[in-house]
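User: Could we go through this structure together? I would like to start with the strands and then move on to the packing.

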Amino acid sequence: MAKLPTLGATSENPDPVVQVKWFTPDANWTWWVIEYDPESRIAYGFVRGIEDEFGTFTFDEVEQLRGSLGLPVERDLHFDPQPVSKVMNRA
């Protein structure tokens, strides 16, 4: 998390790089993190849930979430950083 760009650092980039992927193993939610502020623990990125959208979310909220089987959100350890356009175009 310490290596992520700070909030607003990629605002001029039309296709910023997603650095981290979080997902619910027992629900259909995914967070692709682009920027992060370690002090406030607020992240910015692309979220696929009920709808696909860009926005901010707190790391504390994501840590508290549980899917239908009660499993916590996990970090995809096999995810390689890539442009956000690439993850947006996934089915």
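Analyst: The sheet comes first, followed by the cores, some single residues and the largest pocket. This is a predicted model, in which local features need pLDDT of at least 70 and side-chain atom pairs count only at pLDDT 80 or more, while totals for chains, interfaces and linings use all residues. Residues are numbered from 1 along each chain as its sequence is written, and side-chain values use heavy atoms, with hydrogens and water left out.

User: What is the strand order in the sheet of 5 strands?

Analyst: The order is β5-β4-β3-β2-β6, in an open sheet with antiparallel pairing. Strands here are DSSP runs of E with at least two residues, helices are runs of H or I with at least four residues, and both are numbered from the N terminus. Two strands pair if DSSP finds at least two bridges between them.

User: Which strands stand at the edges?

Analyst: β5 (52-58) and β6 (74-75) do; each has a single partner strand, so one side of each is left without a neighbour in the sheet.

User: How many bridges join β4 to β5?

Analyst: There are 7 bridges between β4 (residues 42-48) and β5, and the two run antiparallel. They form a hairpin with 3 residues between them. R48 has D52 in β5 as its bridge partner, and V47 stands opposite E53.

User: Is E53 buried or exposed?

Analyst: Neither term applies: E53 is partly exposed because its relative accessible area is 47%, where buried means under 20%, exposed over 50% and partly exposed in between (1.4 Å probe, protein chains only). Not counting residues up to four places away in sequence, E53 touches G45, F46 and V47, contact being heavy atoms within 4.5 Å. E53 and K3 are 50 residues apart in sequence, and their C-alpha atoms are 23 Å apart in space.

User: On to packing. Which residues make up the largest nonpolar core?

Analyst: It has 12 residues in all: L4, V20, W22, W31, V33, Y36, A43, V47, F57, F59, V62 and V73. Such a core is a set of buried Ala, Val, Leu, Ile, Met, Phe, Trp, Tyr and Cys residues joined through side-chain atoms within 4.5 Å. The elements giving two or more residues to this core are β2 (20-23), β3 (30-37), β4 and α1 (59-64), with the largest share, 3 residues, coming from β3. A second, separate core of 7 residues includes V18, W32, I34 and V84.

User: What is F59 in contact with?

Analyst: Leaving aside neighbours within four places in sequence, F59 is in contact with M1, W22, Y36 and R41.

User: And T30, buried or exposed?

Analyst: T30 counts as buried, because its relative accessibility is 14%. This residue lies in strand β3 and, beyond its neighbours within four places in sequence, is in contact with K21, W22, F23, F46, V47 and R48.

User: Last topic: how much space lies in the largest pocket, and which residues line the pocket?

Analyst: The largest pocket holds about 160 Å³ of space. Its lining consists of M1, K3, L4, Q19, V20, K21, R75, D76, L77, F79 and P81. On a 1 Å grid over the protein atoms alone, a pocket is an open set of points where a 1.4 Å probe fits, with protein on both sides within 12 Å along at least five of seven lines, and lining residues have an atom within 4 Å of a point. The volume is the space filled by probe spheres set on the points, which are joined across faces, edges and corners.
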